[in-house]
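Biologist: I would love to walk through this structure with you, one question at a time. Shall we put it on the screen and begin?

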Amino acid sequence: MALLSVEHVTKRFGGVVAVEDVSLGVESGQIAGLIGPNGAGKTTLFNLITGLYRPDSGEIAFEGETLLRTPPHRIVRRGVARTFQNVELFPTMTVLENVLVGRHSRGERPASELLGELGLDAVAQRRTGSLPFGTMKRVELARALASGPRLLLLDEPAGGLGHEEVDELGALISRIRSSFDLTVLLVEHHMNLVMGVADRVHVLDFGRKIAEGPPAEVQRNPVVIEAYLGSERPQHATA
Amino acid sequence: MNRVLRIAGGVAFAAAAVALVLVLPHWLSDAKAAEFARAGCFFIAIIGLNLVTGYTGQISLGHGALMAVGAYTTAILTADHGLRDLWTIPLAGLVAMAAGFALGLPARRLSGLYLALATFAFAVAMPALLKRFSGLTGGSQGINLFDEALSRSTGALGHVHLAGWTLATNDFLYYLTWGIGLVLSGAAWLLVRGRLGRAFRAVRDSEVAAASSGINISFYKTLAFAISGFYAGVGGSLFVLVSNWFVSPSTFTFDKSLLLVVGAVVGGLGSLAGMALGALFIQFVPTWAANLSSAPGAPSVFFGTAIVLVMILLPGGLGGFLLKLTEPLTRRLYTRSE
C-alpha cells in the first residue's frame, strides 16, 4: 500500500483548472520526483496535500487514512512536513528558533543534532532574515525535519542554488532519506537533480498527469519531451 | 556560558528595575507620585497590547475598551457586591480576559486593516454600551467608589497602614501599580521566552509556515488576545483606584485605545524592555506639551511631533534604543567569556 495516495484530485480556481483528475502514489521509503513546466500544477498539488487548499473532488490519503478532514497544523502531526518554493522562514527568529518551532507539534530529534546534520551549527544564533539563500533553504529543511516526518515534501529545493550546491543537495537528500527513515516527494525543475536522486518520476502538464515511471524512462518519453520544449531533451529545461 | 551570562544580565536588569521603582518616590512630590501611578496602569495594559501586536502581529485598536471592562468590574464589585477594591484586581483581569478572547475571535478570519477596524468598532462602541446598561454601570454618571464604598476603597482617606508602616495614598498607589506591573512583566517575559512565545512570533512572521510547522494559528491568536485582555483588565482596574476611585464612560473613550498603541510603538514593539518607557511617554509627554504653549491645538501638535521624532530617530522605539545603548557592554561581557 502506498504511503501517500492521491486519487482523481481536481482543483479549480475560478475558471482555471489548476489540477485535473491527478492520481499518484508514493511508496514508503521512495524518493519520488514531480516535474513539469511552469504552471503545471505542482505547487498546487503540494498545497492540496498539506491542507492549505481543499480539492474540489478526489481523495488524498496518508497511511491509508484521508488527509482531507485534517487541518494544516494537524497534518504535520500526522507526519507530513514540507518546504516552500520561495522559502517561508520566520525572519525575525534565529536559525535555532526556527528549528525549535519545527518541533512544536512532535519534535523527536534534538534541535542541536539537526543543526549539525545540516551544517548549520555556525549560524545557529543568526537571524534567518540575513542569511544567504542557500543557507535559508537548509534551515527550512532542518525545520521540516524537526517535526519528525514520515513524508517530506520538498518544493524546488534546488531553486536559486549554484551548480556545486545542487550536487551537494542531491547527496543530502539521499542521506537524510536513510538517516531519518523518510519518504520524499520532490518538486523540481532541475532535471539532473531529479534524475540523480528519484526512484520514480511523475510528470504534470497543464494540471494533468502525462507520464510516470523510472527517471530514465520518463526522460525518453516523447510526450514529456514535447511538453517541455517541443523537440528538445528535457535536461536542458532547467529553471 | 553565553546562556548563563544572558540570564545573569536579565536578572541584573530586573534587579535594577525593582531598585529604581523602590527608591523613586523619595524624589517625587505627592502629585507626581499620582501621575507615575497612572503611568503604571498604562504600563500593564501596554505589556498586554505588546503581546498581541508586538509578538503575535495582530493589531488591536480596542485595548482601551478592555481596560474599561477591567475598570467596571472593579467598580461594580466594590460598589455593589461588598468586595474590597484590592481583591477585585485579579477578578477584573479574568473578566477582561474573557472579553479579550471575544475580541480575538475576529482575528481568526481578519487580518491587517480589517482586524484593526473590527477592534476599532469595539473601542468606539464601549462608551455607548456602558451608558446603555446604566442599571449596572451607573450610566453616564459612572461609579464613584469614594461616595458609594468609601470603607472598601483602600487609602481613599489619604493614608494606608500596611504592616506597621504608614504610606501616603499616592505613594501606596505608585508601589501597587508598579509592583504589579513588574510582576506581570516578569510573567510576560517567562511566557514569551519559550514555546508559547515562539508560536506567537511564528504566527507574526509567517502564517503559512507556522501552520505547516504544526501551529494552530486561530488558537494562538485568540490565546494572545485573551492573555492580553488579562493585562489590560488589571491595568483598567488599577486605573479606577488612581483616578480617585471614580470611573465613567468618558474615562475610556476611543483615544485611550490609540494612546496605548502609541505607547507600545514608541516603547518598541516586540520587546518588553521599552514598555515602561512607552507608558511614561504617553503619561508625561502630553502634559509637557501642554506646558510648552497654551495656544489652541498646540499641545496636540507638540505631542504628535514628539511621536514622529521618536519614530524617525529611534526605529526600534525607546526600548530598542535602550538595548542599543547597553549592547557594547553586554557584547564585551560575552566575548570575554569565550
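Modeller: Let us start with a definition: a residue is buried if 20 or more other C-beta atoms lie within 10 Å of its own, exposed if 12 or fewer, and partly exposed in between. Keep in mind that this is a predicted model.

Biologist: Thanks! Is A:R175 buried or exposed?

Modeller: A:R175 sits in helix α6 of chain A. Around A:R175 there are 11 other C-beta atoms within 10 Å. A residue with 12 or fewer is exposed, so A:R175 is exposed.

Biologist: What distance separates the C-alpha atoms of A:R175 and A:E117?

Modeller: These two residues are 58 places apart along the chain. In space, the C-alpha atoms of A:R175 and A:E117 are separated by 9.9 Å.

Biologist: Let us try a backbone angle. A:H8 has a positive phi although it is not a glycine; is A:H8 buried or exposed?

Modeller: A:H8 belongs to strand β1 (residues 4-13) of chain A, and its phi is about 50 degrees. There are 12 C-beta neighbours inside 10 Å of A:H8. The limit for this class is 12 or fewer, so A:H8 counts as exposed.

Biologist: A:E156 has a positive phi too, near 50 degrees. Is A:E156 buried or exposed?

Modeller: You will find A:E156 in the loop between β7 and α6 of chain A. A:E156 has 23 C-beta neighbours inside 10 Å. The class for 20 or more applies here, so A:E156 counts as buried.

Biologist: Now for the bigger picture: what distance separates the centres of domain 1 and domain 2 of chain A?

Modeller: Chain A is divided into domain 1 (4-79 + 149-236) and domain 2 (85-147). Taken over C-alpha atoms, the centres of domain 1 and domain 2 of chain A are separated by 23 Å.

Biologist: Which elements of chain A each supply at least two residues of the side of domain 1 that touches domain 2?

Modeller: The contact takes 14 residues from domain 1 of chain A and 9 residues from domain 2 of chain A. On the domain 1 side, the residues divide into 7 nonpolar, 3 polar and 4 charged. The elements that each supply at least two residues of that side are α2 (72-77), β7 (151-155) and α6 (163-179) of chain A.

Biologist: And where chain A meets chain B, which helices of chain A each supply at least two residues of the side that touches chain B?

Modeller: The contact takes 21 residues from chain A and 14 residues from chain B. By class, the chain A side has 9 nonpolar, 7 polar and 5 charged residues. The helices you are after are α2 and α3 (95-102) of chain A.

Biologist: Which helix gives the most to the largest nonpolar core?

Modeller: The largest nonpolar core has 169 residues, and A:A142, A:L186, B:A45 and B:I46 touch the most other members. This core draws at least three residues from each of domain 1 and domain 2 of chain A. The helix that gives the most, with 16 residues, is α2 (residues 30-55) of chain B.

Biologist: Are α3 and α5 of chain B roughly parallel or antiparallel?

Modeller: The axes of α3 (residues 63-80) and α5 (residues 112-132) of chain B come within 8 Å and cross at roughly 30 degrees. Their contact includes B:A68 and B:Y72 of α3(B), along with B:F122 and B:M126 of α5(B). Angles under 35 degrees count as roughly parallel, so α3(B) and α5(B) are roughly parallel.

Biologist: How about α8 and α11 of chain B, parallel or antiparallel?

Modeller: The axes of α8 (residues 169-192) and α11 (residues 217-242) of chain B come within 10 Å and cross at roughly 175 degrees. The contact of α8(B) with α11(B) divides into 9 nonpolar, 1 polar and no charged residues. Angles over 145 degrees count as roughly antiparallel, so α8(B) and α11(B) are roughly antiparallel.

Biologist: One more pair: is α2(B) roughly parallel or antiparallel to α11(B)?

Modeller: α2(B) and α11(B) pack with their axes 7 Å apart, at an angle of about 170 degrees. With the limit at over 145 degrees, that makes α2(B) and α11(B) roughly antiparallel.

How values were computed: Residues numbered from 1 in each chain as written. Chains lettered and ligands numbered in written order. Predicted model: local features only at pLDDT ≥ 70, side-chain atom pairs only at ≥ 80, totals over all residues. Domains from an automatic or database assignment. Contact = placed C-beta atoms within 7 Å. Helix = DSSP H or I, 4+ residues; strand = E, 2+ residues; numbered from the N terminus. Nonpolar A, V, L, I, M, F, W, Y, C, P; charged D, E, K, R; others polar. Core = buried A, V, L, I, M, F, W, Y, C linked by C-beta atoms within 7 Å. Axes fitted to C-alpha atoms, helices over the stretch in contact; angles between N-to-C directions. Parallel < 35°, antiparallel > 145°, perpendicular 65-115°, else oblique.
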